Structure formats: C-alpha cells, structure tokens
Amino acid sequence: MRAAGCGAAGGGSARGGGGRERAGPATRVPGPARRVQHGGPLAATAGRACPGSGPGAGPGAAAVRAGQTPRPAERGPPVRLFTEEELARYGGEEEDQPIYMAVKGVVFDVTSGKEFYGRGAPYNALAGKDSTRGVAKMSLDPADLTHDTTGLTAEELKALDDVFTRVYKAKYPIVGYTARRILNEDGSPNLDFKPEDQPHFDLKDEL
C-alpha cells in the first residue's frame, strides 16, 4: 500500500471479511484534492528544475536556434495529491461520495467494489486511508491499517506486491497518490516519483 518529479496481487482477503472480490468496471469520480503538475508548482517551490527544463533545453530549443517555430513542450497528466485528511473523506460513509483507499501510497477508486469497501462492508476498515500494512498482512486490526511496512516479513512483502498488482492495479483506477509517495519528509518534491502505469484503464482526465 509517488510534489511530482520530472516526467510524471494473487488476490488475498483480509481477516474478518467474507466473500471474494470479482473483477468489474470501475468508475472514476473526481473529488476535492490538491493537484500537482509534473515539473510544475512543487518543482518550482523546491527551487529545483527538472532535467532538461532549463534554458535551451527541450524539443523547442533546437527549433528556435534553427529559426523554426518551436513545438510546445509535452506535459504529463496532473497528479492528485491526497493528504491523510483528504483521503479520509472517501471512507465509504457518505452515499454520494466515491470510495478511495491507498496501497503503497497509490490511491485507488474502489467504488465499483462497494459491496466490499462501502459502509458496513467486510473491508470498509481499509477505505479512506493508506492500508498498506493491512493488505500485506491480510489484517483488519486497527494497528495494521497504516502505510508503515516496518518489520514485515519477506513473505508479507511479496503478498503485498502480488495483491497490489493483481487486484488493485488490475481492477481499480488510480486517482492519485498520498503525500508520502510524492513528497519528501521536508515537503520538497520527490524527484524519483513516477506515476504507476495502468494502460488497461483508458480514462479521460477530468481534473
């Protein structure tokens, strides 16, 4: 359970829940959240330029030097940044709100799995937060409903990667990332951040 930088699971069930998930279409419902453009405001705030973004860099620079019309620089899609407080708004308690949960700092829209993550559903405890540890341990213990993976075994870490890839990335659209995934501890942008690839979701950006 990545301010944006430059450029951009065998399924298991948690203890205490019943039933198994079935794959189905997911719907992206935008909600209020901070937005970050790759190489945008956060990079500027940190006082660091992305590689290739300085004067004379980029696809348009050579054209300018050659007297041609420069091409506009390509920009990646915006990245939604969720604080813990913002993510908590989407815990499935409100009928008119989408349901979000994070695994490994990646925020997924799990609204299509409302029977699993909605109010009163078996895995509702995982929603509205980064539940990475709980997913790794297949646990609904409140102490495990956190992003912290300290002390997890190699087997638990492997299970985490499997569920992350085969369940969440395969079934639910990514709507953003937690602040911990995108920012360094001092609040500066994590220049190593790269958005997760999810090519099987052809979703129009609505931010």
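Q: What makes a set of residues a nonpolar core?
A: A nonpolar core is a set of buried Ala, Val, Leu, Ile, Met, Phe, Trp, Tyr and Cys residues that are joined through side-chain atoms within 4.5 Å. In this predicted model, the largest such core has 29 residues. Those with the most contacts inside it are Met101, Val103, Phe108, Val110, Tyr117, Leu126 and Tyr168.

Q: Which elements give two or more residues to this core?
A: They are β2 (79-82), β3, β4, α4 (114-117), α5 (132-137), α6 (154-171) and β5 (174-178). The most comes from α6, with five residues. A second, separate core has seven residues, including Phe82, Leu87, Tyr90 and Val107.

Q: What is the overall arrangement of helices and strands in the protein chain?
A: The protein chain has seven helices and five strands, and along the sequence they follow the pattern β-α-α-β-α-β-β-α-α-α-β-α. Of its 207 residues, 42% count as buried.

Q: Why is tyrosine 117 called buried?
A: The term requires a relative accessible area under 20%. Tyrosine 117 has 0% relative accessibility, and therefore counts as buried. Tyrosine 172, with a relative accessible area of 2%, is buried by the same cut-off.

Q: What makes the pair of tyrosine 117 and tyrosine 172 edge-to-face?
A: Two criteria apply: ring centres within 6.5 Å, and planes over 60 degrees apart. For tyrosine 117 and tyrosine 172 the values are 6.1 Å centre to centre and 85° between the planes, so both criteria are met. The pair links distant parts of the chain, with tyrosine 117 in helix α4 and tyrosine 172 in the loop between α6 and β5, 55 residues apart.

Q: Why is the pair of tyrosine 168 and tyrosine 172 called tilted?
A: Planes under 30 degrees apart would count as stacked and over 60 as edge-to-face, and the rest are tilted. The ring centres of tyrosine 168 and tyrosine 172 are 6.0 Å apart and their planes stand at 40°, so the pair is tilted. Both tyrosine 168 and tyrosine 172 are buried.

Q: Which residues form one aromatic cluster?
A: The cluster is made of Phe108, Phe116, Tyr117, Tyr123, Phe164, Tyr168 and Tyr172. The count of aromatic pairs comes to eleven.

Q: How do you know that lysine 104 lies over the face of phenylalanine 164?
A: The distance criterion asks for NZ of Lys within 6 Å of the ring centre, together with a position within 35 degrees of the ring normal. Lysine 104 is at 4.6 Å from the ring centre of phenylalanine 164, and is assigned to a place over its face.

Q: What is notable about the phi of lysine 104?
A: Most residues other than glycine have a negative phi. Lysine 104 has a positive phi of about 55° although it is not a glycine. The residue is found in the loop between β3 and β4.

Q: Why is lysine 104 called partly exposed?
A: Its relative accessible area is 28%, which lies between the 20% limit for buried and the 50% limit for exposed, and therefore lysine 104 is partly exposed. Methionine 138, in the loop between α5 and α6, has a relative accessible area of 30% and is likewise partly exposed. Its phi is also positive, near 55°.

Q: How do you know that β3 and β4 pair?
A: Pairing needs at least two bridges. Four bridges join β3 (residues 100-103) to β4 (residues 106-109), and the two strands run antiparallel. Valine 103 stands opposite valine 106 in β4. The strands form a hairpin with two residues between them.

Q: What makes both faces of β3 covered?
A: Side chains in a regular strand alternate between the two faces of the sheet. In β3, Tyr100 and Ala102 on one side and Met101 and Val103 on the other are all buried.

Q: How do you know that β2 and β5 pair?
A: The rule asks for at least two bridges; β2 and β5 have two bridges, in the parallel sense. Leucine 81 stands opposite tyrosine 177 in β5. Both faces of β2 are covered, with Val79 and Leu81 on one side and Arg80 and Phe82 on the other all buried.

Q: What is the span of α6 against the expected value?
A: α6 has 18 residues and reaches 25 Å from its first C-alpha to its last, close to the 26 Å expected. The helix bends by about 35° at phenylalanine 164.

Notes. Residues numbered from 1 in each chain as written. Predicted model: local features only at pLDDT ≥ 70, side-chain atom pairs only at ≥ 80, totals over all residues. Heavy atoms only, no water. Buried < 20%, exposed > 50% of the residue type's maximum accessible area, 1.4 Å probe, protein only. Expected span 1.5 Å × (residues − 1). Bend = angle between axes of the 7 residues up to and from the residue.
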